[in-house]
Amino acid sequence: MKKISLIVFLMAGCGVGCALAQTTLQVVGKNIEKSVPWKPGLELIVNGEKADITVIPTDSAYISISAELSAKHPNLDTAQTDVNTWQFIVTTVGKKIYLRAYVGVLAGKRVPASNMKAQILIKVPKNCPVNLSNRFGRARLEQLNGAVVLSGYFCRFDLQELAGELHIESEHGSVEGRDLKGLVDIRGKRAELILQRTSGDCAIQAEYGTVHFSTDQQTGNVRIAGQMTDVTLHAPDSITHNYHLKTHYGDLQVPDRFDVSGSSDSERNATFKTKNDRPTIDIETSFGHIKIKQ
Amino acid sequence: MEKNSENLTKAITRLPEYQPPDLLWHNLEEQLDYEQNLESLLREMPTYAPPAAMWDQLSLKIAKAPELAPKPRRTQPGFKWIIAALLLALAFSIGFWKLKPTPAVPSEKQAPTPAIPDLPKINDAIAQIVPDNRQLAPPIKKIKNTTYALSPPPRITLRKEVVDDRLIMAGRQADDPNYEIIERLCLEALPVCEEPKFKQLKAEFDHLSTAHDDLKNALGDFADDPELVEQLVEIEHARIQILQQLVTMM
């Protein structure tokens, strides 16, 4: 009986301990909906901060925006005060439609003590070009045909089925792209880059990051330049491409059919030639490893 | 030049000087201190609320002695009717003046349409937009180069979220004081601090430190984003590795 009591007492103590290891935040949200007409020639420019942004296509001729701007704090009054510091601007100037969500504090007022977060859903016509920059959040874009320009700082990018030209600059934010059909140009710093089933040509510059690139028959020319970056190629069939691989002060792991002659301690080379009309995969890194997985 | 100005100046210098008694300043200081102390004491003085029964007793007393109760103000009966009549006449004249038809003037130009309000400025509160109940595509208002459609006003929602304290504590970790070792040692102009590799590592360390501070500020006091907290931890690991390399070189 004493043992049972002790066990029950310990379990109760653990439960209380678990309950004490959590903090309840009061979340005050401001829901906004706006709609802007679009016609070919107009470009959408999105500028966010602490925002999770989703851009998906619509058949409508309007760009529709719905956003939840929230403030989170254990004290409800603080959250209610801080939620009003959100600034949400939608305006059209010439051929550009601007959408901006940021925390604006008037001079002399205190900085918000709450956690600020914006959840933004944007529905755009498929051919609408999008220029998006975001800090400390996420951005997801899918099934768009227009040109896309992305810029992020601690922003994770999830991209799917983008058919237009794609230009990305990401610092401290991973980029994951699947079924990208257009030209891809990525500059990453301290970012993990993962690309699968790309159809067009790709150019990647990476520093202090990692690159995972899956190639197949549809993949075009690929050029990767890295510093302090490890590159891993997932190539189920290496006959589809010509390869030029070079690493300075790094390791090179390639299948046996690759020609590794001409390597030295400080520079390792590997080449593979198939047909001249096949696209080329050209990778050069410094202080980073190159690995081909099949 | 004033006549005999020299004599005047000499006479002024020879005028006797009077010093206040020593106790004067002391008394003034005491008086000021007294007033200051009095104010603070008054602030601290407790306030007393009368017991609830007292009000009951007072109302009983008033009930027993009606002459003690306050007398209602009585207006002359005639005044009421005069005031009512005046108000009625005023309302009638205002209504007549507003509703009377104005004669048409053929040469008069039409009044311009009211100006459309300006767009909200960057620091203004989020614009309130007139709600539109139609199911079809909303209408458009043109404002100079800007077009936007009418949309419903913002809704306020309230909910609660529970955050793991471990995330919050990870976001509040103070910086390791060992990070300042490199700065202190390089202030002594050690030769290694001028080496290209050392400078490169130091630059990367500084970059990571900036990113760490930016991320910590973005997470705030109640970090609730596991991905960003994970990145904070990764940056911290990277800083530690670089710091170890720098210290090894020194």
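In the predicted model described here, A:L121 has 16 C-beta neighbours inside 10 Å and therefore counts as partly exposed, the scale being that a residue is buried if 20 or more other C-beta atoms lie within 10 Å of its own, exposed if 12 or fewer, and partly exposed in between, with C-beta atoms placed from the backbone. Residues are numbered from 1 along each chain as its sequence is written, while chains are lettered from A and ligands numbered from 1 in the order in which they are written. Because the model is predicted, local features need pLDDT of at least 70 and side-chain atom pairs count only at pLDDT 80 or more, whereas totals for chains, interfaces and linings use all residues.

A:L121 belongs to strand β7 (residues 115-125) of chain A, where helices (H or I, at least four residues) and strands (E, at least two) are DSSP runs numbered from the N terminus. When neighbours within four places in sequence are left aside, A:L121 is in contact with A:T54 and A:S66, a contact being defined by C-beta atoms, placed from the backbone, that lie within 7 Å. A:L121 is also 9.6 Å from A:E33, C-alpha to C-alpha, although 88 residues separate the two in sequence.

The strand that holds A:L121 is paired with β4(A): 9 bridges join β4(A) to β7(A), and the two run antiparallel, pairing being assigned if DSSP finds at least two bridges between two strands. Within this pair, A:I65 stands opposite A:I122 in β7(A). Strand β4 (residues 62-73) of chain A is in turn joined to β1(A) by 12 bridges, again in an antiparallel arrangement, and in that pairing A:P37 stands opposite A:Y62 in β4(A).

Strand pairing also crosses from one chain to the other. Strand β1 (residues 22-37) of chain A is joined by 10 bridges to β3(B), and these strands run antiparallel. A:Q22 has B:D164 of β3(B) as its bridge partner, and A:N31 stands opposite B:R155 in β3(B). In the interface as a whole, 38 residues of chain B are in contact with 38 residues of chain A. On the side of chain B that touches chain A, at least two residues each are supplied by β2 (146-149), β3 (155-164), α5 (165-171), α7 (196-219) and α8 (226-249) of chain B, and β3(B) gives the most, with 10 residues. By class, this side of chain B has 21 nonpolar, 8 polar and 9 charged residues; Ala, Val, Leu, Ile, Met, Phe, Trp, Tyr, Cys and Pro are taken as nonpolar, Asp, Glu, Lys and Arg as charged, and the others, Gly among them, as polar.

The secondary structure of chain A comprises 2 helices and 22 strands, and buried residues make up 40% of its 294 residues. Of the contacts in chain A between residues at least 6 apart in sequence, 49% join residues at least 24 apart. The largest nonpolar core, that is, a set of buried Ala, Val, Leu, Ile, Met, Phe, Trp, Tyr and Cys residues joined through C-beta atoms within 7 Å, has 85 residues, and those with the most contacts inside it are A:I63 and A:V130. Strand β9 (residues 148-160) of chain A contributes the largest share of this core, 7 residues, and the core draws at least three residues from each of domain 1 (25-129) and domain 2 (165-294) of chain A, with domain bounds that come from an automatic or database domain assignment. Beyond its neighbours within four places in sequence, A:V130 is in contact with A:L44, A:V46, A:V55, A:V124, A:L141, A:L144, A:G146 and A:V148.

Two loop residues of chain A deserve mention for their backbone geometry. A:Q143, in the loop between β8 (130-142) and β9 of chain A, has a positive phi of about 55° although it is not a glycine, and with 13 C-beta neighbours inside 10 Å it counts as partly exposed. A:Y249, in the loop between β18 (242-248) and β19 (252-253) of chain A, likewise has a positive phi of about 55° without being a glycine, but A:Y249 has 12 C-beta neighbours inside 10 Å and so counts as exposed.

As to confidence, the predictor gives the complex an ipTM of 0.81 and a pTM of 0.68. Chain B averages a pLDDT of 71, with 62% of the residues scoring at least 70, pLDDT being the predictor's confidence in each residue, from 0 to 100. Among the elements of chain B, the lowest mean pLDDT (43) belongs to strand β1 (residues 140-143) of chain B and the highest (91) to α7(B). Over residues 103-145 of chain B the pLDDT is below 50, and beyond near neighbours in sequence this stretch has 40 contacts in the model.

Key: Two residues are in contact if their C-beta atoms, placed from the backbone, lie within 7 Å.
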